[in-house]
Amino acid sequence: MKLKTILIGSIILLTTFLIYLTTLDKLVYFLALGDSLAKGTTPFGESDYSYNDYVRDYISNNNILEKYIDGFIKEDYRTTDLIRDIEDNRKIMINNKKQSIKNALIKADLVTLSIGMNDLYYKINTANLENNDIFDHIDELMEDIDELFTLLRKYCKEDIIIINYFRSTSLLNNDKIKEYFNYANTKLKNKSNEYSIHYVEIDKLLENNTLYLPMPNNYFPSRNGYEAISTKLITKINETLLRN
């Protein structure tokens, strides 16, 4: 009788443990990385709901959010800044505990990334638009992107999603700038495919839409714009990470 009781108790404990493991495996550790877009910077210079916040809410509302980390995001971030942070294993404080970026990448089931817009716009705003050196600059940017993707994939083996580059409405009628952005996005897409990183196009979604980009000389979206971006990301997440 005692042996039977022990056996039944062991089965219950094993079943409970297996259920716990199954549930734990379905939880999503979500790491958001990037620049002002990742932070949710508005056309008025304030931080509002970013596309990452909407994605977090979606995952949380489905009761599968294990952890959400957005503390590594920095405004005016450039590609080389993120590379340096990973190499230096930058740490932040979360609930009075240190959290390193490498550890977050290792644990992450989902990483979202916005990077390179600051690099691209800086060159366009300071260079002669008729000078083909901008193509060389984009090539250099993609070399940095390649280095970044190598680092990301060194630590994160799960789903990474990157959003592409888009023009502010004041730049839409300039054919040369269109050529530059098309070139940069083609390069970015190819690099993403090379490293099995999900590439999400948001340029066609935002451009020519004053509800999403209300300030002609500013590429920061409105809150509606960030929500629209999140819808594209959630679609990709449902096709990949949450497809089962």
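This section describes the helix packing, the buried face of one helix, and selected loop residues of a predicted model.

The secondary structure of the chain comprises 10 helices and 7 strands. Of its 244 residues, 47% count as buried. Contacts between residues at least 6 apart in sequence are mostly long in sequence separation, in that 74% of them join residues at least 24 apart.

Three helices, H6, H7 and H8, pack against one another in pairs. Two packed helices are described by the angle between their axes and the distance between the axes. For helix H6 (residues 117–126) and helix H7 (residues 133–155), the angle is about 165 degrees and the axes lie 11 Å apart. Because angles over 145 degrees count as roughly antiparallel, H6 is roughly antiparallel to H7. The crossing of this pair is right-handed. On the H6 side the contact is formed by Asp119, Leu120 and Lys123, which meet Ile134, His137, Ile138 and Leu141 of H7. By class, this contact contains 4 nonpolar, 1 polar and 2 charged residues.

Helix H6 also packs against helix H8 (residues 175–194), here at an angle of about 155 degrees and with the axes 12 Å apart. H6 and H8 are therefore roughly antiparallel to each other, and their crossing is right-handed. Leu120, Tyr121 and Ile124 of H6 meet Ile177, Phe181 and Ala184 of H8. The residues of this contact divide into 6 nonpolar, with no polar and no charged residues. Leu120 thus takes part in the contact of H6 with H7 and in the contact of H6 with H8.

The remaining pair, H7 and H8, packs at an angle of about 20 degrees, with the axes 10 Å apart. Since an angle under 35 degrees counts as roughly parallel, H7 and H8 are roughly parallel to each other. Their crossing is right-handed. From H7, the residues in contact are Ile134, Phe135, Ile138, Asp139, Met142, Ile145, Asp146 and Phe149; they meet Glu179, Tyr180, Tyr183, Ala184, Lys187, Leu188, Lys191, Ser192 and Glu194 of H8. This contact is made up of 10 nonpolar, 1 polar and 6 charged residues. Ile134 and Ile138 of H7 appear in this contact and also in the contact of H7 with H6, while Ala184 of H8 meets H7 and is among the H8 residues that meet H6.

Glu194, in helix H8, has a relative accessibility of 53% and therefore counts as exposed. Its C-alpha atom lies 9.4 Å from that of Asp146, and the two residues are 48 positions apart in sequence. Both residues belong to the contact of H7 with H8.

Helix H4 (residues 79–87) has the buried residues Thr79, Leu82, Ile83, Asp85 and Ile86. These residues cover an arc of only 160 degrees around the axis and so lie on the same side of H4. They pack against helix H5 (101–107), strand S5 (110–114), H6 and H7. H6 and H7, which pack against each other, are thus also partners of the buried residues of H4.

Several residues show a backbone conformation with positive phi. Most residues other than glycine have a negative phi. Asp76, in the loop between strand S2 (65–69) and H4, has a positive phi of about 60 degrees although it is not a glycine. With a relative accessibility of 57%, Asp76 counts as exposed. Just after H4, Asn89 takes a positive phi of about 55 degrees. Asn95 lies in the loop between strand S3 (91–94) and strand S4 (97–100), and its phi is likewise positive, near 55 degrees. Asn95 is exposed, with a relative accessible area of 68%.

A further loop residue, Asn218, is located between helix H9 (203–206) and helix H10 (223–239). Because buried means under 20% relative accessible area, Asn218, at 18%, counts as buried. Apart from its neighbours within four places in sequence, Asn218 is in contact with Pro43 and Ser168. Asn218 and Phe44 are 174 residues apart in sequence, yet their C-alpha atoms are 9.1 Å apart in space.

Methods: Residues are numbered from 1 along each chain as its sequence is written. This is a predicted model: local features need pLDDT of at least 70, side-chain atom pairs count only at pLDDT 80 or more; totals for chains, interfaces and linings use all residues. Side-chain values use heavy atoms; hydrogens and water are left out. Axes are lines fitted to C-alpha atoms, for helices over the stretch in contact, and angles run from 0 to 180 degrees between N-to-C directions. Helices (H or I, at least four residues) and strands (E, at least two) are DSSP runs, numbered from the N terminus. Angles under 35 degrees count as roughly parallel, over 145 as roughly antiparallel, 65 to 115 as roughly perpendicular and the rest as oblique. A crossing is left-handed if the near helix is turned anticlockwise from the far one by less than a right angle, and right-handed if clockwise. Contact means heavy atoms within 4.5 Å. Ala, Val, Leu, Ile, Met, Phe, Trp, Tyr, Cys and Pro count as nonpolar, Asp, Glu, Lys and Arg as charged, and the others, Gly among them, as polar. Buried means under 20% relative accessible area, exposed over 50%, partly exposed in between (1.4 Å probe, protein chains only). The arc is that of the directions from the helix axis to the C-beta atoms.
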